[in-house]
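Dear colleague,

Please find below the structure I promised to pass on to you. My notes on what was found in it follow.

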Amino acid sequence: MSVRTKLARVLDGLGVVDAMLRLRNVVGFPWLTSLCYHRTAEPGSDLGLDGALADATPAQFDQQLAFLSRYFNFVGVDDLVGFTKRGKKLPPNPVFLSFDDGYRECLTVTLPLLSRHGARATFFIPTDHVTHRKLFWWDRIALAVHESKRERAEITYPVRLTLDLAAAPEAAKAELIRLVKKTKRLDVERFLTELDAACEVQLPREREERLVDDSLMTWEEVKKLADAGMDIGSHTRSHRVLQTLDPSEHAQELRGSREDLEERLGRPVGSIAYPVGYALGADDVLRGAVSSAGYDLGFTCRAAVMPTFAHPDPLDVPRFLMDVSYDAQRFSAFTSVPGLAPRTTIDLG
Ligand SMILES: [Zn+2]
């Protein structure tokens, strides 16, 4: 158990969390809490893909919504744009819910639960994956590692690496994912094709399409979310880590995905969640590219709240990455006392 988890339990036991909750209902705390989810699903229902992305069970999400609707006010993209661009006040104790990647459960599980609690959320969609029914790079990596019959495999691009597939598949997967997240100007298609060859795994196109159809929404389904009053934002076109791209690729990922969404949904789109969630920070080239692509709001996965008393940075809005291991006590503790929030790999660099 981490120090923060232990501290959350102790403070909860002492009644501190409860006192904070009552206090915030009276005075309203000057910050925005944003949460980032991917799938609301039962553990193990991962379709052979990377199951780590189920970050709340439906029952857990239901409980979390009940808690949030008692102590928070749900806000959407329009509220945050009004606040950051025009200085319009947010309601007290605002909370922003978001779902990245466009998994099917967003429509089948998440939306009915949101509706039941009168809540709203924003769904960030990687447009090429929905249009072309392509698996995400981390799901391709998971498939190659898990389905390989080889004990070891060696890749040579972008670096020479021996993968211990039989003895340490999780470590192999983590190392491959790290390569995609960190390698500048990586040719991802080449990397995945060579990985499949090294692992002696084949992914026929029909199977890929079937897996995508089972796991990701179609455009008709994304539109149903929008028609139900939910916000839709961009998650780029191909879910590449923006910081690894050549600047010449920024426009097609940023502006291109916004135009895809606007064309498909027939409504303006002004928000984006950066794939993997690294903050823009002082990267002025990327910051300029995000702005000139037409975005007013950009979301990261930096574990923090956004102060609402100063001038917050609308292109680096922090979000807490959710995890299925957060029980009700942990959830109420860190949404009430942000310092108790778990650090993520983004924060740790
Ligand atoms: Zn994502």
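A residue is called buried here if 20 or more other C-beta atoms lie within 10 Å of its own, and partly exposed if the count is below that but above 12. Please bear in mind that this is a predicted model.

By that criterion, the buried residues of helix 12 (residues 250-265) are His-250, Glu-253, Leu-254, Ser-257, Arg-258, Asp-260 and Leu-261. They pack against strand 6, helix 6, strand 9 and helix 13. An α-helix has 3.6 residues a turn, so residues three or four places apart point the same way. Helix 12 bends by about 30° at Gly-256. Its end C-alpha atoms are 22 Å apart, in agreement with the 22 Å expected for 16 residues at 1.5 Å a residue. Just after helix 12, Gly-266 has a positive phi of about 65°.

Strand 9 (residues 231-234) is covered on both faces: Asp-231 and Gly-233 are buried on one side, Ile-232 and Ser-234 on the other. Strand 9 pairs with strand 6 (residues 122-125) in the parallel sense, over four bridges, and Phe-123 stands opposite Ile-232.

Some backbone features in the loops also deserve mention. Most residues other than glycine have a negative phi, and most peptide bonds are trans. Arg-133, in the loop between helix 6 and helix 7, has a positive phi of about 50°. His-239, in the loop between strand 9 and helix 12, has a positive phi of about 60°. Arg-133 counts as partly exposed because it has 16 C-beta neighbours inside 10 Å, whereas His-239, with 23, counts as buried. Finally, the peptide bond from Tyr-157 to Pro-158 is cis, with omega near 5°; Pro-158 is in the loop between strand 7 and strand 8.

With kind regards

Notes:
Residues are numbered from 1 along each chain as its sequence is written. This is a predicted model: local features need pLDDT of at least 70, side-chain atom pairs count only at pLDDT 80 or more; totals for chains, interfaces and linings use all residues. Helices (H or I, at least four residues) and strands (E, at least two) are DSSP runs, numbered from the N terminus. Two strands pair if DSSP finds at least two bridges between them. The expected span of a helix is 1.5 Å times one less than its number of residues. The bend at a residue is the angle between axes fitted to the seven residues ending there and the seven starting there. Two residues are in contact if their C-beta atoms, placed from the backbone, lie within 7 Å.
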